[in-house]
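Grab a pencil and work through these exercises with the structure open beside you. Each one sets a task and then walks through a solution.

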Amino acid sequence: MIGSSTKKVLNGLKKKGYDVYLVGGCVRDLILNQTPKDFHIITSAELKEVMRTFSWCEIVGKRFPVCHVQLDGTIVEVSSFDAKFKADFEFSHHTEALNGVDKKDHLRWMNCLNRDFTINGLMLDPHARIVYDYFGGIEDIRKAKVRTIIPAETSFKEDCAHILRAIRIAARIGFSISKEAAHHIRKLSSSVLSLDKGRLLMEMNHMLAYGSGEASLRLLWKFGLLDILFPFQAAYFAHHGFQRRDRRTNMLLSLFSNLDKLLAPNRPCHNSLWVGILALHKTLSDRPRDPLAVAAFSITIHNGGNLSEAVYIAGMINKPHDVRFPELLNHSGLETESLEAEILDLAESVRGTMLQMTNEYFVSQAMADYPQAPHSNLVFIPLSLYLEVYKIFDGVRVSTVQKFLSKQRREIDYDSLALGNLQEVRHVFARVVFDTVYPIHQNQSQL
């Protein structure tokens, strides 16, 4: 399960006589028999020696420098005990040497001590096949628990991004969060507002683009973070009486559940896709639509903006829509011209919703009807991402003369999807929306 590029780096440094280990979340995932999102290596070699060992690499970062080794089109991150040890002496909570251990053991312990959670504080020697566990990470994996290495309050106050990482990890691997950590997440939730907007976008993308979007939204709501980070979606949950521990589903969660089925930690989507799904759902929540119009809209997104073809295909749908969602009206038997008008109106409304999602005033008013909710006018979607999302819906216009090119094959090109290729993003967007409105049941093929 270890990637070929990572193996080459591990073996290359090992052959030169250096100690090499896999560290962090990739070790946890390997133990859980899950494919890691990425691999991090730490070695006894200095970074300059790593540079001499591999031709295509560079040292990045000033405070905590690491080496990015480029092999076979991928980047493998390599850190050095030497660089980490010097930094750890300044920032570690406990740097006194342990009794009865050698230098190597102390270096491993020091590195693991400065990680966030016990299940991330594991180190694997892949050649000796030994996992080093100094803080009970294996036991917490057995208990399916996310627990901080140092006291949770201290961890979250020192770096409030650990709050979001706790939720992200719990959502991705299906673990619960320890009582101590859960208490302080609720207590310190508003501190995430101090994070840089770019960091927030990165953390949200890690939650929603890697196959655990539904679970992430549920946990953000449970711990009071949805109110701060996604006020429109929190208002939707509150309006429909969705409780913090609710096991039911709704259309927003169903959209992300269907997206999750197509993604994985090593097969993510571009962030424009999940932002586009949020925009469409808010549009439908603000004004429910005929399910046939929503389905035809998704077909139009997919097929290159051809309204007449989308209407024709939608006319062949002969199964019931998902009646659980108030965002979908009862079928009204729309004629061709009316259905085309509905598609165009929905596209224009989604574009308008995107403007609201990137406007501080509209965001700040999202939860105005809920006095106990925390006030948030946080907008972390930059202009560049707004423009990428806008392109998804831009081809749905009155004129059918100029059409964008549609995807021809059903298989998803995950490399293109991660890079934000417009055909690929539109293809997956359409599949997710259509399958949410008209769920695929057993023994029932897709349209």
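**Exercise 1: The overall build**

How many helices and how many strands are there in the protein? Then work out how its radius of gyration sits against the globule rule.

*Solution.* Before anything else, keep in mind that this is a predicted model.

Step 1. Go through the secondary structure and you end up with 22 helices and nine strands.

Step 2. For 447 residues the globule rule gives 22 Å, and the radius of gyration of the protein is 24 Å, close to that value, so the protein is as compact as a globular protein of that length.

Step 3. For the outline, lay a box along the principal axes: the C-alpha atoms fill roughly 80 × 50 × 40 Å.

Step 4. Now look at burial and contacts. Of the 447 residues, 53% count as buried. Take the contacts with a separation of 6 or more, and 69% of them come from residues 24 or more positions apart.

**Exercise 2: Strand β1 and its neighbours**

Find which way the side chains of strand β1 point, and which strands pair with β1.

*Solution.*

Step 1. Strand β1 covers residues 20–23. V20 and L22 point one way, while Y21 and V23 point the other way. That fits a general pattern: side chains in a regular strand alternate between the two faces of the sheet.

Step 2. Are these four side chains buried or exposed? V20, Y21, L22 and V23 are all buried.

Step 3. Turn to one partner, strand β2 (residues 40–43), which pairs with β1 in the antiparallel sense over four bridges. Here V23 has H40 as its bridge partner.

Step 4. Strand β6 (residues 122–125) also pairs with β1 in the antiparallel sense, over two bridges. In β6, look for L124, the bridge partner of L22.

**Exercise 3: Following the charges**

Count the salt bridges, then trace where a few of them lead.

*Solution.*

Step 1. With a cut-off of 4 Å between the side-chain nitrogen and the carboxyl oxygen, the count comes to 24 salt bridges.

Step 2. Start with K8 and D72, whose closest N and O atoms are 2.8 Å apart. K8 sits in helix α1 (residues 4–15) and D72 in the loop between β4 (66–71) and β5 (74–80), so this pair ties together parts that are 64 residues apart in sequence. K8 is partly exposed at 42% relative accessibility, and D72 is exposed at 53%.

Step 3. Next, try K187 and E153, which meet in a salt bridge at 3.4 Å, N to O. K187 belongs to helix α9 (residues 179–187) and E153 to helix α7 (residues 152–158), so the pair ties together parts that are 34 residues apart in sequence. E153 counts as partly exposed, at 26%.

Step 4. Now check R324 and D322, with their closest N and O atoms 2.7 Å apart. Which category does each partner fall into? Exposed means over 50% and buried means under 20%, so R324 at 52% counts as exposed and D322 at 9% counts as buried.

Step 5. Finally, look for shared partners: R287, R289, E342 and D345 are joined into one network of salt bridges.

**Exercise 4: Rings meeting rings**

Find the aromatic pairs and classify two of them.

*Solution.*

Step 1. A search of the whole structure turns up 13 aromatic pairs. Two things describe such a pair: the distance of the centres and the angle of the planes.

Step 2. For W221 and F237, the ring centres are 5.3 Å apart and the planes stand at 85°, so the pair is edge-to-face. W221 lies in helix α11 (residues 213–222) and F237 in helix α13 (residues 231–239), so the pair ties together parts that are 16 residues apart in sequence. Both W221 and F237 are buried.

Step 3. Y361 and F362 have ring centres 5.6 Å apart and planes at 70°, so this pair is edge-to-face as well. Y361 is exposed at 53%, whereas F362 is partly exposed at 37%.

Step 4. Look for a group too: Y21, F81, Y132 and Y134 form one aromatic cluster. Y21 is also one of the buried residues of strand β1.

**Exercise 5: Charges over rings**

Which residue lies over the face of W221, and which over the face of Y414?

*Solution.*

Step 1. Go back to W221: R244 lies over its face, at 3.9 Å from the ring centre.

Step 2. At Y414, the residue to spot is R267, which lies over the face at 4.9 Å from the ring centre.

How values were computed:
Residues numbered from 1 in each chain as written. Heavy atoms only, no water. Buried < 20%, exposed > 50% of the residue type's maximum accessible area, 1.4 Å probe, protein only. Pairing = 2+ DSSP bridges. Phe/Tyr/Trp six-rings, centres within 6.5 Å; stacked < 30°, edge-to-face > 60°. Lys NZ or Arg CZ within 6 Å of the ring centre and 35° of its normal. Rg over C-alpha atoms; globule rule 2.2 N^0.38 Å. Contact = heavy atoms within 4.5 Å.
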